[in-house]
Amino acid sequence: MATEGKPTVVVTSPFFPHPSSVIESKFRVLKLWEADDKQAFLKQNADTIRGLVGIVVSAEVIDTLPNLEIVSCFSVGIDKVDLVKCRERGIVVTNTPDVVTDETADTALALVLAAMRRICPADRYIREGLWPLKGNFPLAHKVSGKRFGIVGLGRIGSAIAKRAEGFGCSISYYARSKKSEYEYQFYDSVLELAKDSDILVLACALTKETTHIVNRDVLNALGPDGTLVNIARGAIVDEPELVKALVEGRLGAAGLDVFENEPHVPKELLSMDNVVVQSHSGTATWETRRAMADLVVRNLEAHFSGKPPLTRVT
Ligand code: NAP
């Protein structure tokens, strides 16, 4: 495919479900994930690279690319992009809001149901041939009508609330400020929210302030009948404390899409029937990843044709 005149964009991982010709028809694409020595590859191509598609974008990478103009982030969360460095260099950063909202909210509800109704161990029980031998799988816990606490009532948090309302749950939330557009109960402390919730779902951005906002006290407040679901970012929870709370029976159940040190998951969690885990796959469907890829490409196209990007962060 002809590449003359097309802006060069380096893509860090094979994010796109599109046939590569769609992207390559618009840009000269460099596939970083195929390089054995990624830093050397970036250095070799540094002069030509004007755009970068990725999720993790460090200061070191930015420093290697003197002509970088835009980081088109393949996620709504931009906690792993060095925004300070991007601002210093005048690099445009875009993300993928809205197109991920429904999928991630669906994932949160799926994790609530899977964790509380023990869907995964009940499935394993039958596959292992235990039903005829040991009888019915043990009783689980009801979701409908429970008290739903949401940390971060943004796009995804409010979509989760809407879904939970469909289950007849009462909704409360914690955020930095009360949202006048919602009638849900507002708490100005995660601890107080946890005390009054059966299910606590994390849907806030990861920032310095939200790092380990779910600590030992919050887990204890949620308690042995409580369920924690995290579809936001792993580091919002103090993970060693989460493991201890589950091991010691101080927390009832957990549904976890994200972890502090991905792709590593604490091994203690993997033997617990009251824990369901996913590989950071909140948006991992063909439909949503296509929509994200389209938005990533449209942001790049807008930038390189001198127009404002659609979803600019900085
Ligand atoms: P959003 O609309 O910007 O909402 C983020 C929420 O975080 C806001 O409501 C904000 O509330 C809250 N927040 C920020 N700082 C806070 C603080 N210090 N204390 C309490 N709340 C705080 O973003 P979104 O589209 O809903 O996405 C939310 C997050 O979900 C993303 O940042 C991303 O990390 C995660 N996510 C994960 C997946 C996945 O695959 N698992 C997929 C998509 C998104 P206030 O401003 O009102 O305080």
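This short presentation covers the sheet, the two domains and the ligand surroundings of one protein chain.

Good morning, colleagues. Please keep in mind throughout that this is a predicted model.

I begin with the division of the chain. The assignment gives domain 1, made of residues 8-97 together with 286-304, and domain 2, made of residues 101-277. The centres of domain 1 and domain 2, taken over C-alpha atoms, are 32 Å apart. Where the two touch, domain 1 supplies four residues and domain 2 supplies five. On the domain 1 side of that contact, one residue is nonpolar, two are polar and one is charged.

I turn next to the sheet. It is an open sheet of five strands in the order 2-1-3-4-5, with parallel pairing. Strand 2, residues 28-31, and strand 5, residues 92-94, are the edge strands, each pairing on one side only. On average, neighbouring strands are turned by 20° against each other, direction ignored.

As a reminder, the strands of a sheet pair through backbone hydrogen bonds, in either the parallel or the antiparallel sense. Here, strand 1 runs parallel to strand 2 and is joined to it by four bridges; within that pairing, Val 9 stands opposite Val 29 of strand 2. Four bridges also join strand 1 to strand 3, again in parallel, and Val 10 has Leu 52 of strand 3 as its bridge partner. Strand 3, residues 49-54, in turn pairs in the parallel sense with strand 4, residues 70-73, over four bridges. In that pairing, Gly 54 has Cys 73 of strand 4 as its bridge partner.

Which helix packs on this sheet? The answer is helix 12, residues 286-304, which touches strand 1, strand 3, strand 4 and strand 5. The direction of helix 12 makes about 160° with that of strand 4.

Finally, I come to the ligand. Why does the ligand lie between domain 1 and domain 2? It does so because both domains give residues to the shell around it. There are 30 residues around the ligand, and those that come nearest are Gly 77, Gly 154, Ile 156, Arg 176 and Gly 282. Two elements, helix 5 (101-117) and helix 8 (155-166), give two or more residues to this shell. Helix 8 gives the most, with three residues. By class, the shell holds 13 nonpolar, twelve polar and five charged residues.

To close, the two points I would leave with you are the parallel five-stranded sheet and the ligand placed between the two domains. Thank you for your attention.

Key. Residues are numbered from 1 along each chain as its sequence is written. This is a predicted model: local features need pLDDT of at least 70, side-chain atom pairs count only at pLDDT 80 or more; totals for chains, interfaces and linings use all residues. Two strands pair if DSSP finds at least two bridges between them. Axes are lines fitted to C-alpha atoms, for helices over the stretch in contact, and angles run from 0 to 180 degrees between N-to-C directions. Two residues are in contact if their C-beta atoms, placed from the backbone, lie within 7 Å. Domain bounds come from an automatic or database domain assignment. Ala, Val, Leu, Ile, Met, Phe, Trp, Tyr, Cys and Pro count as nonpolar, Asp, Glu, Lys and Arg as charged, and the others, Gly among them, as polar. A residue is near a molecule or strand if its C-beta atom, placed from the backbone, lies within 6 Å of it.
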